[in-house]
Amino acid sequence: MSAHASHAPKRSGIADWLTTVDHKKIGILYLIAGGIFFLAGGLEALLIRLQLMYPELQVVGAKTFNELITMHGTTMIFLAAMPVIFALMNAIVPLQIGARDVAFPFVNALGFWLFFFGGVLINTSWFLGGAPDAGWTSYATLALNQYSGFGIDFYVLGLQIAGLGTLIGGINFLVTIINMRAPGMTFMRMPLFTWASFVTSGLILFAFPAITVGLVLLMFDRLFGAAFFNPDAGGNVVIWQHLFWIFGHPEVYILILPAFGIISEVVSTFSRKRLFGYSSMVFATALIGFLGFMVWAHHMFTTGMGPIANTLFGLATMLIAVPTGIKIFNWLLTMWGGQIRFPTANLFAVGFIPTFTIGGMTGVMLAVPPADYQYHDSYFVVAHFHYVIVGGLVFGLFAGLYYWWPKMFGKMLNETLGKWNFWTFFIGFHLTFFPQHFLGLMGMPRRVFTYLAGQGLELGNFISTIGVFGMTIGTILFLVNAYVSAKSSKRAPADPWDGRTLEWSIPSPPPEYNFAQTPLVRGLDALWVEKMAGNKGMTYAEPLGSIHMPNGSFLPFIMSLGLFIAGYGFMYHNYVVVGIGMVITFGCMLMRSLKDDPGYHIEPDEIEEKGVKA
Amino acid sequence: MATHHVNAVLPDEPEKATLEGKNKILGFWLFLGGETVLFGSLFATFIALRDQTNGGPTSQQLFDMPLVALATLLLLTSSLTSVFAVLALHKKDLKKMQAWMTVTVILGLGFLALEIYEFMHYVHMGHKMTSGAFGSAFYTLVGFHGAHVAFGILWILTVQLQTVKKGLTVVTAPKFYVASLYWHFIDVVWVFIFTVVYLMGMIGGKVG
Ligand SMILES: [Cu+2]
């Protein structure tokens, strides 16, 4: 039918990137934007550690220090870690399930641009009167007008915009994974990374609305004189803590589950073995996601909830160690007896396992409420969550990037540079954060801008700062590696690692339609099943035919720009600007609703042409 | 799929006839899951703060049952008429579908008018967003719902416009169906608001 839908005018260059609805390109956009924010957050971390290198330094001063820790945390969680996760999800999940596209290409693009403009809005605070300075948790009453500067408004509005983008991105992946799987790709045949993305998207869906409400309430308090968190007018500051952590704890699993998924893929591929205990891995992923919603108040043991609540939340938290432990042992048993290779991807994966285990172990220590009264708000907590988020998530992301880089960009990353990248980053990481456990136990509180000499804190802080240079060098080496690979003319093969899953059955980078013919999945590790059956590639579920593709659109970009403009209007109490921004956004929504996108078709002769070239 | 030129027979349940339609409906159900958490958080906040009037009028002094009951009646009826519209959709009766949806919109507008009147009345009595934690929580929860109603009305109108121009197709049917889902959701939220805010506000109240 409908072979007459014609080609849309092809855009090129910058216009193509602003209008793209191709999940592979959106993945690259997420990676670039997330990478830039990662560098900003890293620079902030470097300044923090320089300020703390010696006692009583005045490198940045107390006020700037508060801004730096706030922006470092906010940027790294919301604007660096999440987007890079979304980058890999976009680049890989549709390929792993044998889909030509995501369920909502337009919404996918909108999600990216909302995140991007939200992130930019927060960061413009540096130039418009000071960054937010109440910590990334932005607790009331500290974050109210009386105690904090203008910067919090940027935090409140920027995170609402970016969070909306993340939310719709999550919905897109849920529907994609439920509805768009290739024939034969049952749920229990899905690669673990797709499973992790699925559970993470579910967590996003149920966790982000909670913080959105918290941010709205804080915004109403700050901008419109509401009294949610103002004790003088009957408000209650603990409500913020609950709303923040009802989001905040699941957020930890939103971040770490995709890393678990990546590690599962990488360890299995480079052991040339099927993942050990696949079903228990799926079960553990889902269980972690479920329990993740039951434990938020372990961040509030010292708030005064009473012994019963503290005990229950403490026990629930310790329970999560069980499915997490299952995962650790499954990775070890996958490697056991495998033909293990150690390219950079697997170095990061194998480095991840002990590092993350340490982070998980300190997590169980923190889950004991009486002990937590000692650890609370100390550097022990800082060490713990950096072991989980850097030692866990960031190692996982590096593993994923080295593993899937050829699929995303069609070029290999250099292995020698990669090994230097790994060792400098790995050693730098442990130098930075291992001593912080002891600094915390010795009583150094987090978020202080300096400390006195003669209290035994000098050595730990000095080593910690030196370690940051290692991580900095590692990051720079990664950038050099990316640059070298972009400049090289050598093309990556379709299947450089002797892969097991569907993404390795198509060219690197894949054509815009991903699969010329939808593959037929005949088992777990779909490509490996075919390899073992002696087949050259996948068997197909359909003959070669005309492929329907969606058109690109400027609307997601403009729609997000509208909210970006309205955000400034709110902050400066200029309701004309709010109106202009809202009209832009809702106007775009209306246009999208009224004007159907017929898309265009790629015909079999074009596919064959391209197929020969690739 | 470029199915908008299919002029032959419209399939049964046209809203689920295409993959796009199925995706849209599933995605919207998931979105409503997120909305549930959103309203749940607002309800929890309201319950925690509803006695903190900060010297302003209490809920017993404020609420006027006949007015709220009328608003409830309007909104619940509008949910029923939107069900009739979906039934007409499944019978592929475009005219009837449009008519029932128009009734839905009118009832929604009536609800909104009552709510605006109610808010103005309360402000007059000294119950404001800024008058204390109770005021903030009340206007945020009920106002969020009201904003959803207003958005729903505009949304249904744009979908109506499209069905006038394009008729009932596998492209317009899912849009229509999803808008009606949204309308039901708003209604369910109102049932909770009626119970938690108004009923509990009138019979409950702090002892002492
Ligand atoms: Cu937690």
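In this predicted model, a copper ion is held by three histidines of chain A, with H249(A) donating through ND1 and both H298(A) and H299(A) through NE2, at 1.7 to 2.0 Å. Along the sequence these donors follow the spacing H-x48-H-H, and the site thereby links distant parts of the chain: H249(A) sits in helix α7 (residues 238-270), whereas H299(A), 50 residues apart from H249(A), lies in the loop between α8 (278-291) and α9 (307-319). H249(A) counts as buried because its relative accessibility is 6%, under the 20% limit, while H299(A), at 23%, counts as partly exposed.

Another residue that can be placed in its surroundings is T137(A), in the loop between α4 (105-124) and α5 (151-179) of chain A. With a relative accessibility of 5%, T137(A) is classed as buried, and its side chain makes a polar contact of 3.3 Å with that of R447(A). Leaving aside residues up to four places away in sequence, T137(A) touches Y155(A), W240(A), F244(A), W245(A) and R447(A).

Across the whole structure there are six cavities of 30 Å³ or more, and the two at the top of the ranking are set out below.

| Cavity | Volume | Lining residues by type |
|---|---|---|
| Largest | about 130 Å³ | seven nonpolar, four polar, four charged |
| Second largest | about 70 Å³ | six nonpolar, three polar, no charged |

The largest cavity is lined by 15 residues, of which L192(A), E265(A), S268(A), L275(A) and D525(A) are the closest to its centre, and α7(A) gives the most to this lining, with four residues. The lining of the second largest cavity includes F78(A), L159(A), F208(A) and L215(A), and the elements that give two or more residues to that lining are α5 and α6 (192-224) of chain A.

Notes: Residues numbered from 1 in each chain as written. Chains lettered and ligands numbered in written order. Predicted model: local features only at pLDDT ≥ 70, side-chain atom pairs only at ≥ 80, totals over all residues. Heavy atoms only, no water. Donors = N, O, S within 2.8 Å, 3.2 Å for Na, K, Ca; no water. Buried < 20%, exposed > 50% of the residue type's maximum accessible area, 1.4 Å probe, protein only. Polar contact = N/O pair within 3.5 Å; in protein donor to acceptor, adjacent residues only side chain to side chain. Contact = heavy atoms within 4.5 Å. 1 Å grid on protein atoms, 1.4 Å probe; cavity = no way out; pocket = protein on both sides within 12 Å on 5 of 7 lines; lining within 4 Å. Points joined across faces, edges and corners; volume = space filled by probe spheres on them. Nonpolar A, V, L, I, M, F, W, Y, C, P; charged D, E, K, R; others polar.
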